[in-house]
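Trainee: Could we go through some local features of this model together, beginning with a residue in a loop and then turning to a pocket and the surface?

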Amino acid sequence: MKACVIGAGTMGAAIAAHLANAGIPVYLLDVVPDKLTKEEEAKGKTLDDPLVRNRIVNAGFERAKKARPASFFTEDTARLVTLGNTEDNFAWVGEADWVIEAIIEQLEPKRALMARIEAIRKPSAILSTNTSGIPIGSIGEGRSPEFRAHFLGTHFFNPPRYLKLLEVIPTPGTAPEVVSFIADFGERVMGKGVVICKDTPNFIANRLGSISSSFLLDYALKNGYTVEEVDRLTGELIGRPKTASFRLFDLVGLDVAMHVRRNLYEAIPTDESREILLSPPMAKVADTMIERGWLGNKTGQGFYKEVRQAGVKEFWALNLQTFEYQAPTKPRFDSVGKAKDVEPLGKRLKILLDADDRAGRLIRAIVWSGLTYASNRVPEIADDVVSIDSAVRWGFLHEAGPFQIWDMLGVAETLQRIEADGFKVAAWVKDMLAAGYESFYEYQDGRAVGYYDLVTKKRKLLESKASVIILKDYKSSGRLIQKNDGASLVDIGDGMACLEFHTKVNALDQDIMAMAEVALDRVDRDFVGLVIGNNAENFCAGANIAVIALAAQNQLWDQIEATSRVFQGLMMRMRYFHKPVVVAPSGLAIGGGAEVVMAGSRIVAAAESYIGLVEVGVGLVPGGGGCKEMVRRIISPAMQTKNADALPFLTRAFETVGQAKVGTSAEESRALGFLGPCDRIVMNRDHVLAEAKREVLAMIEAGYRPPAPARLYAAGRDALAALNVGVYMFRQGQYISDHDALIGRKLAHILCGGDLSASAWVSEQFFLDLEREAFLSLCGEPKTLERIWHTLQTGKPLRN
């Protein structure tokens, strides 16, 4: 497979980056500039200079490489992208299996490009456009039937690496097998949540998003809400991201947002909510800000502006009446205080919707508006509620889509309230209720298994996929083997058991360790292998440091030492277990979570896995085998080479642990040493458990045997002295504190195998004993306790 992206703007370059993340070689092309910059003129360049001709594509690629959050998994990933221009290198298009157009959002340039592509593409190549608003069919007009059979829309969301949604928009001429291929490729290879859309203006997510955000801004302006009030009420409180509303405007760019609205306004003349897109109060604010260049993050100010007061960074919000920035406040509402800690989302929303304060009124307005607008767009933009809910969740990171929220609130219970407040519910919703269907989805044990189908006017089963394992489903169907408060052991079929953590943030505790021992015992007797993983956002956020702090405060040293010893023993039992133990992390796997990951026979990680040993942040060192694993994975293999110098590898391991480095992707985690060359990375995190299960079966088929006991390289006192010199220099330069230096010396002592008079090859237990001793010693340091309690109270590290 080889891809070609034409257009190296923000989206085009980011799409190319994500194709590279998936391991796909990709050409990235853009136009040749028609004039020199002042810098090029000063250097005597001409328009024929290769660097000048590739200036635009190079600039787009560099922006993608510098993007934060990162577009590429690693720096090496970027090497899969080959840069060129659409004059000198257009022949490359003919090599590509998938050509993606991501040029300027204008119809005629897109049509002209399609004509050029048709003349050179190979017959089997798929062609797609990433347009966000231009009708797909109109872009393909004038092309041959054979071209149109391979042509469709593929609308990625920005940033493509992190936002799961991929809207696939076929035209009447698109071959079904092309749609099926792209849908499968998008989900399996690129890790996307694919929604098949109709070729309607702005498709699904942006159609709903444009109307809902316009309604919110109009309502806020007409009712005197401040920027900070709106963002306090429309973020995580109601199941949406922290960016909420005005922060999202600043992220997207106000000019871009208004351009999308104006285009959509012209494209939907019969939409009953069309006028809200250009409401006079909103247009006045937007025009004033655009005229002043206050476009958002890209211009340094928008609805928020960064201000430094006495060296402290603050974000001041724009007063929407005076257009002056004001010092931050913390808006407070009685209803928010009552609801903010209530779970799940449905219960929290019910409290807020019943409130009669300013918070309740705003939330009622935006929720009622969102529910009714979504209902009135079916079947115009989608034939089913599932597509709309999936597009909203995956495209905007909402906890639930509109129809899922409506079910939480009760469809029949809210309908009368919604209409009493002046919002019009689609007739088909009332027909559904009249037919005896009380919800949009059918639920079993709290999970949706079917949905109301508008075509048949009956329930339709949701598609289940063998590539996705939902542990809740297995447990509700009688597959739960054993459970305690911290973890469950689940039979996932084919002779396989799965150990699932379910504490808060999946922090390790005594219950998890006890269930892990049970899991290994049961697998020893009754199963062919074990998967360790879950469906949570994060695999494991490390040990429960509150328990450690309380034990240290009460000087329960024997308890701390015993717990550390038990955990080390558990990790070693996993590592040398005679049946495959495959660990399947996704999201955070830090501290003790990273140690669990590294103890597996094999790792099958989600691409977005963030693995690291972060204990120094709370004044500790890894105590469950993390340091030993760094020695085993980084230092010892290098020292198998005759006359190798240990210091560069010791330094690498020391910096990884001592700087609490966390991989920003599974690939970067591999580069840091947390994954090995045989460990697998899966792009779609929904597929990780099923792929881990497949890996166990493949290992059994290959005749798995546990590794022989390892011998590890202990560099000894000369190397230790070198590392300690580095710690001393950092302290003298005031880069680190005295307590940082103490931790650094403890860490160096472990990694070097103590102060042995000469280097030696020793057992893993030798290093584990050094780890445990250092961990226990640091637990007794007052400054370590200060760090732990500060982190627990603020969520931030303390430098003391």
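Trainee: Is Asn506 buried or exposed?

Mentor: This is a predicted model, and in it Asn506 lies in the loop between strand E17 and helix H22 (510-526). Its relative accessible area is 4%, and a residue counts as buried under 20%. Asn506 is therefore buried.

Trainee: And Asp494, which also has a positive phi: is Asp494 buried or exposed?

Mentor: Asp494 lies in the loop between strand E16 (487-493) and strand E17 (496-501), and its phi is near 60°, a positive value in a residue other than glycine. Because its relative accessibility is 55%, and exposed means over 50%, Asp494 counts as exposed.

Trainee: Which class has 12 residues in the lining of the second largest pocket?

Mentor: This pocket has a volume of about 780 Å³, and of the 27 residues that line it, the closest to its centre include Glu228, Asp231 and Arg247. Helix H10 (227-233) and helix H11 (246-252) are among the elements that each supply at least two residues of the lining. By class, the lining has seven nonpolar residues and eight polar ones, while the class with 12 is charged.

Trainee: Which helix gives the most to the nonpolar surface patch?

Mentor: The patch, of about 310 Å², is made by Leu248, Leu251, Val252 and Val256. Leu251 is found in helix H11 and is exposed, with a relative accessible area of 54%. With three residues, the helix that gives the most to the patch is H11.

Technical notes:
Residues are numbered from 1 along each chain as its sequence is written. This is a predicted model: local features need pLDDT of at least 70, side-chain atom pairs count only at pLDDT 80 or more; totals for chains, interfaces and linings use all residues. Side-chain values use heavy atoms; hydrogens and water are left out. On a 1 Å grid over the protein atoms alone, a cavity is a set of points where a 1.4 Å probe fits but cannot get out, and a pocket is an open set with protein on both sides within 12 Å along at least five of seven lines; lining residues have an atom within 4 Å of a point. Grid points are joined across faces, edges and corners, and a volume is the space filled by probe spheres set on the points. Helices (H or I, at least four residues) and strands (E, at least two) are DSSP runs, numbered from the N terminus. Ala, Val, Leu, Ile, Met, Phe, Trp, Tyr, Cys and Pro count as nonpolar, Asp, Glu, Lys and Arg as charged, and the others, Gly among them, as polar. Patches are made of residues with over 30% relative accessible area and no salt bridge: like charges are joined within 9 Å, nonpolar side chains (Val, Leu, Ile, Met, Phe, Trp, Tyr) within 5 Å. Accessible areas come from the Shrake-Rupley method with a 1.4 Å probe; for residues, only the protein chains shown count as cover. A salt bridge is a side-chain nitrogen of Lys or Arg within 4 Å of a carboxyl oxygen of Asp or Glu. Buried means under 20% relative accessible area, exposed over 50%, partly exposed in between (1.4 Å probe, protein chains only).
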